Amino acid sequence: MQNYEELFDVTIIGGGPAGLYSAFYSGMREMKTKIIEYQPKLGGKVHVYPEKMIWDVGALTPLTGEQLIQQMVQQALTFEPEVVVNEKITSIEKKNGLFLLTGASGKQHLSKTVILAVGGGILKPIKLEIDGAERFEITNLHYVVQSLEKFKGKDVVICGGGNAAIDWAVELAPITKSLHIVHRRGQFDCHEAQLSKLDQFPLHKHLNTTIKKFVSTIDNTKIQSVILTNNETAEETSIAIDDVIISYGFERELTFIKESPLNIELVNDHFVKGTSKSESNIEGLFAAGDILNFDGKVHLILGAFADAANAVNQAKLYLEPDSPAKARVSSHNSRFDEKNKELRQHLFV
Ligand SMILES: Cc1cc2nc3c(=O)[nH]c(=O)nc-3n(C[C@H](O)[C@H](O)[C@H](O)COP(=O)(O)OP(=O)(O)OC[C@H]3O[C@@H](n4cnc5c(N)ncnc54)[C@H](O)[C@@H]3O)c2cc1C
């Protein structure tokens, strides 16, 4: 069955920070652009922390994850790229010099170049291994913190000791009635600055400890208390709670890259081995953001933006070897002339 869609200059797989900035920059370089995202919404991993304050994106004063998503999406849509959501790319191959991407929907996407901006791949939270725990996921067992408000004045337990768990603990400590952090190891594995912040709050740390079981309410719909076991002493503690947050990290699914007939070179079976210009080992295939590894890589949103600009510039050179190696700065870019006129009209009335 032939169901190719039209041919694009650049197809970006992944609609997180790297993919969104690639879409904007690709428009600036006048390339016909498509962005494909597995989730129903653009924004990528930032949807995991919509209420977290983000301080370290250049020129942006602290803003929430949700605000950052809105601004990134607005910028990405500037040059009206084709946006496909709810589409999981399941294979990538090359035919007659063009990339052929196949989605789980059965649709095929044809492109002259591709930018892999898939972060860690499709994210699935690592779940708690307690029989029957999934029934509480619709009430008071959570794998992401979508809204801090929900936990205001509550007795809350967070399980996990990595950056995400401690970031959430720092945000929740000032607003919860009581906060317990349960971690199976003897120390937390997170940025020191966050740990110092945590120490300012009167919370309960349970190190070398795991959740043994849940005690449910009589109607069996909610967790009423958690039973903790100290892994060294086997001592058990029961804590009455309103909510349990599990932050054990995420499993990543990168099958379409790992199993591609293109033999995409990886590092640690996890990252695309690339260059500081965002090139992969395959001509015409570039990478940006968390998926890309090279010496000097900055694993932050700001690093994803720089990778994206490099990936787009290399894609442009691949398609048009005589084109300038870089985009002109936006103030000199004719694509903005009309838009600037409109903006100035609003500014100076
Ligand atoms: C809790 C937490 C807090 C953080 N705080 C900060 C911070 O304060 N500052 C900072 O700079 N960074 C922070 N980060 C890191 C930051 O979120 C990432 O570096 C950034 O999101 C990477 O962007 P990306 O576009 O490379 O990947 P992602 O944001 O992971 O986006 C990748 C997208 O690709 C999609 N995708 C994957 N596979 C497929 C497929 N097969 N088909 C279609 N789509 C696919 C995914 O659904 C996803 O939407 C934080 C991360 C976490 C988890």
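## A guided tour, starting at Ser278

With 28 C-beta neighbours inside 10 Å, Ser278 counts as buried, and since the model is a predicted one, this and every later stop should be read as a description of that model. Select Ser278 and colour it: the residue sits in the loop between strand 20 (271-273) and strand 21, and its phi is positive, at about 70°, although Ser278 is not a glycine. Such a value deserves a second look, because most residues other than glycine have a negative phi.

**The ligand and its shell**

Next, display the ligand and select the residues around it. There are 36 of them, and the ones that come nearest are Gly14, Gly16, Gly44, Gly119 and Gly289. If you colour the shell by residue class, you should find 18 nonpolar, eleven polar and seven charged residues. Three helices, namely helix 1 (17-28), helix 3 (163-172) and helix 6 (301-319), each supply at least two residues of this shell, and helix 1 gives the most, with three residues.

**Helix 1**

Stay with helix 1 and select its twelve residues, which reach 17 Å from the first C-alpha to the last, close to the 16 Å expected at 1.5 Å a residue. Is this helix largely enclosed by the rest of the structure or largely open? Eleven of its twelve residues are buried, so helix 1 is largely enclosed; the buried ones include Pro17, Leu20, Tyr21, Phe24 and Tyr25. While turning the view along the axis, keep in mind that an α-helix has 3.6 residues a turn, so residues three or four places apart point the same way. Just after helix 1, pick out Glu30, which takes a positive phi of about 60°.

**Positions listed in the record**

Now select Glu37, Lys45, Tyr49, Ile89, Leu123, Asp290 and Ser331 together, the positions that an unreviewed UniProt entry lists under "binding site". These residues span 295 residues in sequence, and the farthest two C-alpha atoms are 37.7 Å apart, so they do not all gather at one spot. Two of the listed positions, Lys45 and Asp290, are worth visiting one at a time.

Lys45 lies in the loop between strand 2 (33-36) and strand 3 (53-54). Lys45 is partly exposed, with 17 other C-beta atoms within 10 Å. Leaving aside residues up to four places away in sequence, Lys45 touches Gly16, Gly119 and Leu123; Gly16 and Gly119 are among the residues that come nearest to the ligand, while Leu123 is another of the listed positions.

Asp290 is found in the loop between strand 21 (285-287) and strand 22 (292-293). Here the surroundings are fuller than the cut-off requires: a residue counts as buried with 20 or more other C-beta atoms within 10 Å, and Asp290, which has 27, is therefore buried. With the same sequence neighbours set aside, the contacts of Asp290 are Gly119, Gly120, His299 and Ala304, so that Gly119 appears in the contacts of Lys45 as well as in those of Asp290.

**Three strands and two turns**

Move on to strand 14 (residues 209-216) and strand 15 (residues 223-230), which run antiparallel and are joined by seven bridges. To check the register, select Val215, which stands opposite Ser225 in strand 15. The two strands form a hairpin with six residues between them, and Asn220 in the turn has a positive phi of about 70°.

From strand 15, continue to strand 16 (residues 236-240), with which it pairs in the antiparallel sense over five bridges; here Val226 stands opposite Ile239. This second hairpin has five residues between its strands, with Ala234 in the turn. Ala234 has a phi near 65°, a positive value in a residue other than glycine, and it is exposed, with 7 other C-beta atoms within 10 Å.

**Last stop: Ile126**

Finally, select Ile126 in the loop between strand 9 (122-125) and strand 10 (141-142), where it is partly exposed, with 14 other C-beta atoms within 10 Å. Which residues does Ile126 touch, not counting those up to four places away in sequence? The contacts are Tyr248, Gly249, Phe250 and Glu251. For a sense of scale, draw a distance from Ile126 to Ala327: the two are 201 residues apart in sequence and 41 Å apart in space, C-alpha to C-alpha.

How values were computed: Residues numbered from 1 in each chain as written. Predicted model: local features only at pLDDT ≥ 70, side-chain atom pairs only at ≥ 80, totals over all residues. Helix = DSSP H or I, 4+ residues; strand = E, 2+ residues; numbered from the N terminus. Contact = placed C-beta atoms within 7 Å. Near = placed C-beta within 6 Å. Nonpolar A, V, L, I, M, F, W, Y, C, P; charged D, E, K, R; others polar. UniProt positions renumbered as here; feature names shortened; annotations may be inferred. Expected span 1.5 Å × (residues − 1). Pairing = 2+ DSSP bridges.
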